[in-house]
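Me: Hi! Could you walk me through a few spots in this model with me?

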Amino acid sequence: MGHAERDHALLSASGAHRWLYCTPSARLEEPFPDTTSEAAEEGTLAHELAELKVRNYFYSVEFGKRKLTAAINKLKKEKPWQDEMMGYTEEYLDYIKGVALAMKSTPYVAIEKRVDFSAYVPDGFGTADCILICGNVLHVIDFKYGKSPNGRVEAEGNPQLALYALGAYEMYKILYPIENIRMSIVQPRLSDGISEWECPLEELLSFGRYAKGRAELAIKGEGEYAPGPKTCQYCRARGQCRARADHDVKLAFSDNLGKLPPFISSEEMGDYLRKGADVTKWLGDLQDCALKECLAGKEVPGWKAVEGRGSRDWTDMDKAFDTLTKGGIAEDAVLWERKPLTLAQVEKVVGKKDFADAVGEYVVWKPGKPALVEASDKRPAITNKVTAAEAFKEDQV
Ligand code: SF4
């Protein structure tokens, strides 16, 4: 089955981070259609390319070089194709090769395997990107093509991978004495794009029991709503969900004013930021939703859709420039701007390895602007305060 045509179960593995915690969301989302985006289409194509490469590596007899090249040439004609996909999928393949080579013997490998986890979740199925089994180890690897550092997905306790692992365990437990579960997420477009986690089988089965209970509630549309930035982010009901609206309105318009000291404390600052993380997103989703209603001719009291600010564009830029140069305007000096590509763009054109070999010595790392992130972020904390060691070093100079 093509990556784009896959069925979606009501309780899908990819939506598990939502329905496991906000059980009524599965039914609430139902009337809203699934929409796709450019990024999703790009991801689908990258997955198809990744699958071809992994297939060629492990099953080179049935799917040799010639078949691989023909299949890649076909993908290159697809609209979302970008040459950089070749390098990113190579990184994914390299990771899988490394895992396979580190195993005690040649592993069993399943690529793009449909796994059935309906023993835990009614009608639950999904497609695992890559499964490797060797001895008592079951390793599930997932490829993600997102490029936003904020969208980094962690393998630890990841419910999507855990459901795939449960499905794979059910499928292979008769053939292999599985006792250890490993899960990896490879996001090659991020600089720190590999996340790994390992747990004993009992921990996975315990998650399976928890998921089973939550799925029973979700399928009936019961349980508590659990609005929050991560849970609501991709929920199709996010613009119209009352639970989320009530939650965010309460956070944004708390009625404590006047009863407390005039300045909020650092503790309160942290608390507001954490609790209010969803408020801005919610307002954006609400605007999108109201715009759709207005464009569909429905009334949203107090609001209307208008044409946004337009911009001028050439009907024929070449002819316009030609006319200007004939009129005495210097083409190179005035009409065109000569700009160098950014470092990242040059690396993309040259390729990561050749770039590092050729000009790596001319690259320095400039620290980014200080940014506020949650305490759970993996990066070390920084301050402007001079440490005793730094002060002492300065005195020595
Ligand atoms: S928008 Fe949020 S709170 Fe509402 S159903 Fe979806 S996940 Fe739950």
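Me: Is Asp123 buried or exposed?
Reply: Asp123 is exposed, with a relative accessible area of 62%. Keep in mind that this is a predicted model.

Me: Thanks. And where is Asp123 found?
Reply: Asp123 is found in the loop between β1 and β2, the latter being residues 125-134. Its phi is near 60°, a positive value in a residue other than glycine.

Me: What about the phi of Glu112?
Reply: Glu112 is not a glycine, yet its phi is positive, at about 50°. Glu112 sits in strand β1, residues 108-116. With a relative accessible area of 16%, Glu112 is buried.

Me: Why does 16% count as buried for Glu112?
Reply: The cut-off for buried is under 20% relative accessible area, so Glu112 at 16% counts as buried.

Me: New topic: cavities. How many of 30 Å³ or more does a search of the whole structure find?
Reply: The search finds 1 cavity of that size, and the volume of the largest cavity is about 100 Å³. It is lined by 15 residues, and those closest to its centre are Cys22, Ser25, Cys232, Cys235 and Cys241.

Me: Which helices supply at least two residues of that lining?
Reply: That would be α2 (25-29), α8 (229-232) and α9. By class, the lining of the largest cavity has 10 nonpolar, 2 polar and 3 charged residues.

Me: Is Cys241 buried or exposed?
Reply: Cys241 is buried, at a relative accessible area of 13%. Cys134 is buried too, with a relative accessibility of 10%.

Me: How many disulfides does the count come to?
Reply: The count comes to 0 disulfides.

Me: Why is there no bond for Cys134?
Reply: The closest cysteine sulfur to that of Cys134 is in Cys130, and it is 13 Å away, too far for a bond. The rule asks for sulfur atoms within 2.5 Å.

Me: Okay, on to pockets. What volume does the second largest pocket have?
Reply: Its volume is about 500 Å³. Two elements give two or more residues to its lining, α9 (242-252) and α11 (279-295). The largest share, 8 residues, comes from α11.

Me: Which residues lie nearest the centre of that pocket?
Reply: Leu286, Gln287, Cys289, Ala290 and Val300 lie nearest the centre, out of 17 lining residues. The lining of the second largest pocket has 11 nonpolar, 3 polar and 3 charged residues.

Me: While we're on α9, what does Asp248 touch?
Reply: Asp248 is in helix α9, and not counting residues up to four places away in sequence, Asp248 touches Asp278, Val279 and Trp282. Asp248 is buried, with a relative accessible area of 0%.

Me: How far apart are Trp282 and Glu154 in space?
Reply: They are 24 Å apart, C-alpha to C-alpha, and 128 residues apart in sequence.

Me: And where does Glu154 lie?
Reply: Glu154 lies in the loop between β3 (137-143) and α6 (159-172). At 31% relative accessibility, Glu154 counts as partly exposed.

Me: Last one: what is Glu154 in contact with, leaving aside neighbours within four places in sequence?
Reply: Glu154 is in contact with Ile185, Ser195 and Lys378. The side chains of Glu154 and Ser195 are joined by a polar contact of 3.2 Å.

Definitions and conventions
Residues numbered from 1 in each chain as written. Predicted model: local features only at pLDDT ≥ 70, side-chain atom pairs only at ≥ 80, totals over all residues. Heavy atoms only, no water. Buried < 20%, exposed > 50% of the residue type's maximum accessible area, 1.4 Å probe, protein only. 1 Å grid on protein atoms, 1.4 Å probe; cavity = no way out; pocket = protein on both sides within 12 Å on 5 of 7 lines; lining within 4 Å. Points joined across faces, edges and corners; volume = space filled by probe spheres on them. Helix = DSSP H or I, 4+ residues; strand = E, 2+ residues; numbered from the N terminus. Nonpolar A, V, L, I, M, F, W, Y, C, P; charged D, E, K, R; others polar. Contact = heavy atoms within 4.5 Å. Polar contact = N/O pair within 3.5 Å; in protein donor to acceptor, adjacent residues only side chain to side chain.
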